[in-house]
Amino acid sequence: CEWCSPGRKSVVYETPGLLPTRVCEECPAGESQANPGQGACVPCAAGTFAGVVGRQACEACPAGKYMEQTGSSACDTCPPPMVTAGQGSTTEDDCICPAGMYKVTGQMSCMSCPAGINCPMGTDQSSVDGLESWTYTGETKVGILHSLTGTMAISEQTVVNAELMAIGEINEAGGLLGQKIVPVIEDGESDWDVFAVKAEEFTNPSSSNYVKAVFGCWTSASRKSVLPVFERNDHMLFYPVQYEGQECSKNIFYTGAAPNQQIEPAVDWLLRYKGKQFFLVGSDYVFPRTANEIIRGQVAALGGTVVGEMYLPLGESRNSTVGAIVDEIQRTLPSGGVIFNTLNGDSNVKFFHMFYDAGLRADTHPTMSVSITETEISVIGVKYLVDHYASWNYFMSTKDAPKCDGGFDPSESKKFVEKYQLLYGENSLVNDPMEAAYIAVKLWAQAVSLAGTFDLEPVRKAVVGQAFAAPEGEVVMQSNHHISKFVRIGAVAENGDFQMVYESTRSVYPEPWNFWVQATNGHACDWTDPVNLGGFYKQDTVEVALVHSLTGPRASLEKPYLEAEMAAIKALNRDGGVLGKVIIPRVFDGQSDDTTTLAVIRQIAEAANSSTVAIFGSAPSDAEYEAAIESSVLASGLPLLMDPRRSFGGECGEHVVHTGGLVNQQLWPALQYFSQRARAGGKQSMTFYAVGPAELESSGAFDVLRQQIVSLGDIVAGVSAPTTSSEAATAAANMKAAMPDGGTVLNLLTDTAVSLALIQEMQELKMPTGAFPVVFTDVAESDIPAFGDLLANQYISSAYFSSLELSQSTIFKDIMQEFYGSAYQVTDRMEAAYVSMRLWAEAVRAADTFSSTSVLHKMWSMSFQAPTGLVQLAGSNYLSKQSRLGTLNAQGTGFRVTSGDPEAVLPEPFWLYPDLGSAEQTCDFMKSLRTICPSGKGLVNNNGTFLLSWAGAADCDWCKPGSHSTAFEIQGRPATRICAACGEGSKQVIPGQD
């Protein structure tokens, strides 16, 4: 036997045929027990309640509620819009009117104070009578429709308060168009059928409760129930809560988040920082079901796995039902994983209590919730939620956040919080749905003022385009009847507040029709053109394929490429897409396997009726890519591969465009820098030691590198190609022996773990950075957490550092942080992937076609302003790149540039592989431009001999007398011309004739 723990009591337990004993039973709702080893639970005192079983302490009735009886499982709600001065009220007499209203004598009701009269919270009618005020020309009613009773009352009561606060502010400023705005409040009773009945009363012109606008609903089930009513009566609802999307009604304005403004960024953040195995838990109605369909699609596409999915009836809190979900989480995620929570209402209380009691904690099983706000934390209990996460657009803690250039000013949040606490008590909490509800009233008021009328249709048109300096930041109502919103993720702190871990740098455009759901991918809505566009229309689109390893050992390296490409696509689409078409990305997982990657590329190229026009990603080799696409049936021709990886060179492909750095662009300028520095310091030469992957040793590239260094008059003390940590330790020892007086280490390793082991061993061997500086060619800002202080006073050779103060660098960082949060660290690798997408799009625009050949020709002929500076694609299909050296900054958070040239370095694909650079492998694909012959000319070879086909073609020349220029075209090649002999019976004495 053990002592019963707090929240439980010892009760007699008897079984026929056995001696009586005792078991520990949870305290029932309405009772609590703070001490262990007790035989009874204590009924909650008046003014307190215990809403679930097993409570250790009763909670004070929140503001706006009271309880006269003892042993209560819930508190009674003051008649709306009445509130209480604080928590723990014990009688209905504690219900008072909020600021801006007064209590009618002899009634439990409130009236708005006359314009110009200041009514603090708790004002009675006797304090108002006889005071002078200006006179309104009339009254205009608006409807407020929320659950004030039932399972959803815990969430919706405070939303009503926020809407009343906004209406009060409007009336304090003189109303609208001379009219006093009068709220008519109805209780949806947490019953969707009741919501529909009340909506009919608000929107039917023959009803005595007819209003000019309705602010209401929380759950998607309630919204779905009233939607046909608003459409049938052609009325207007402002819906203030985040939802699942997949809806766009002319009769609803959505001021809560669409999935791309809450759910999708949360999933993306979890995949990046918390894990790839997801368990989905939600309430059993439309929002969680649809949200989880989106989550499943996104998680699968981005390399994650959904291991389980379970639902609870709304309001379900039985131990057996909730406990089954907790048990299943433990079974499917024994070593940890992510729980995405779309539970709503009271079920959250029981779920998090049982989750905690099962020993599950945020360090191994972090939970991301999208329906838990500051209000719910106070009800559930802070200890059950510490270090778990919630995704919203607004948190109360933003009142203390710094200002940002993207449109967020904390003073608006501060004013919102202070005003609400003045009205509803100094300890009152505010949350996201309250803020969205407040926004809704304000946007409607602005639209009424702009329209100059309360009539529905003019006001509906005027709402679109309204901007408002909201507590979350500036928001704008878009033509799809959703508003742009800031995106935030908060972790629950021990004080019950949210600590921001993710924040978008500006408001995010809403996308109601979801990208991750096949049926709605590529669709949009636009109510400014209801005839041709309306609530659901197919956009004019073009597809690109994004091929990266999102699972397996390469995933950590390749996922950032995908993130940069997706951000670039979103930015392009926001600006209208390319050639009037919205870019639709199709994501493919190479699974860290060369065979799988090539099979995926082959599948893309040979897909019938596909609209794919380009591939972004990487292939095992350029030659294998060319072979994989040779049977392409794509309308745009053989697809270009835009490859962002850094490369040692040794290959090239006619349809492979490399935007990552080549070794000659990174290493050669660094070698020259250290060689010159040695001589400036009085040395005759610099001593180098090179460490790199095994391929450099087996291919003979190390020998070529030695020759390049010797050509500078410097010395190579040795080379090593470690593939394991133990081999790295050996390499460090050999390095110290070969350079007893010090020297520069060239670290060309591409395996981060081996590279880290090498630097750690150098430190163990007491090889100081002053004597043994290391030049890294494959370390980025994202590797800083792994290396830490080991990078201090070392050198990074790269084209791009996030500290660059160039206009395109600032734009690049802004775009990445807009979609991935203000703390997102951009790197050289991401820059190369971003440039791939932007360079391709710019060339498409210049060519005015998606044809691969035409796009490639434009890339060769145009320069491009990249985040690194001005670059251009060479005929080898490698991009010219700047070369810079950087060192760790004083904060240890990034790299500062120590040397570099704004002029781009030309790519030399065979710098380490000169034997491969034969006449056939010089990678001069620009010769195809020289062999597209104009009128009067034909193909010739290097010797000037005229040709009748592409074989050996090197240039064009004027056709000679006796021949004429004629068109020549074969499949897979651009059209050109050849010089054909004049036919029998004809002649030509003039050169260059057709």
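A pocket is an open set of grid points with protein on both sides within 12 Å along at least five of seven lines. Keep that in mind for the exercises below, and remember that the model is predicted.

**Exercise 1. Get a feel for the whole chain: work out how far it spans, what it is built from and how much of it is buried.**

Start with the extent. Along its principal axes, the C-alpha trace spans about 110 × 80 × 65 Å. Next, go through the secondary structure: you'll find 24 helices and 44 strands. Then turn to burial. Of the 994 residues in the chain, 57% are buried. Finally, look at who touches whom. Take the contacts between residues at least 6 apart in sequence; 63% of these join residues at least 24 apart.

**Exercise 2. Find the order of the five strands in the open sheet that contains β13, and say which helix packs on it.**

Step one is the order, which reads β12-β11-β13-β14-β15, with parallel pairing. Step two is to pick out the edges: β12 (179-187) and β15 (252-254) each pair on one side only. Step three is the twist. On average, neighbouring strands here are turned by 25 degrees against each other, direction ignored.

Now zoom in on one pair. Strand β11 (residues 138-146) runs parallel to β13 (residues 214-216), and three bridges link them. In one of the pairings, I144 has F215 of β13 as its bridge partner. Last comes the helix: α3 (residues 220-232) packs on the sheet and touches β13, β14 (237-239) and β15. The direction of α3 makes about 165 degrees with that of β14.

**Exercise 3. Describe the largest pocket: how much space lies in it, and which elements supply its lining?**

First, the volume: about 1300 Å³ of space lies in this pocket. Second, the lining, which takes in 46 residues; nearest the centre are L557, R645, R646, E695 and T750. Third, trace the lining back to its elements. At least two residues each come from β27 (541-548), α12 (555-574), α13 (594-605), α15 (663-680), α16 (694-698) and α19 (752-764). Among the contributors, α12 gives the largest share, with five residues. Fourth, sort the lining by class: 17 residues are nonpolar, 17 are polar and twelve are charged.

**Exercise 4. Now for enclosed spaces: how many cavities of 30 Å³ or more does the structure hold, and what lines them?**

The count is two. Take the largest cavity to begin with, at about 40 Å³. Its lining is made of L749, T750, D751, T752, S755, D778, V779 and F787. By class, that gives three nonpolar, three polar and two charged residues.

Move on to the second largest cavity, also listed at about 40 Å³. Here the lining residues are F352, S369, I372, L385, H388, Y389, A390 and V492. They divide into six nonpolar, two polar and no charged.

**Exercise 5. Locate T868 and decide: is this residue buried or exposed?**

Begin with the address: T868 sits in the loop between β37 (863-866) and β38 (869-872). Then check the relative accessible area, which is 1% for T868. The cut-off for buried is under 20%, so T868 counts as buried. To finish, list the neighbours, leaving out residues up to four places away in sequence: T868 touches A799, Y800, L804, L806, E831, Q882 and R884.

How values were computed. Residues are numbered from 1 along each chain as its sequence is written. This is a predicted model: local features need pLDDT of at least 70, side-chain atom pairs count only at pLDDT 80 or more; totals for chains, interfaces and linings use all residues. Side-chain values use heavy atoms; hydrogens and water are left out. Two strands pair if DSSP finds at least two bridges between them. Helices (H or I, at least four residues) and strands (E, at least two) are DSSP runs, numbered from the N terminus. Axes are lines fitted to C-alpha atoms, for helices over the stretch in contact, and angles run from 0 to 180 degrees between N-to-C directions. Contact means heavy atoms within 4.5 Å. On a 1 Å grid over the protein atoms alone, a cavity is a set of points where a 1.4 Å probe fits but cannot get out, and a pocket is an open set with protein on both sides within 12 Å along at least five of seven lines; lining residues have an atom within 4 Å of a point. Grid points are joined across faces, edges and corners, and a volume is the space filled by probe spheres set on the points. Ala, Val, Leu, Ile, Met, Phe, Trp, Tyr, Cys and Pro count as nonpolar, Asp, Glu, Lys and Arg as charged, and the others, Gly among them, as polar. Buried means under 20% relative accessible area, exposed over 50%, partly exposed in between (1.4 Å probe, protein chains only).
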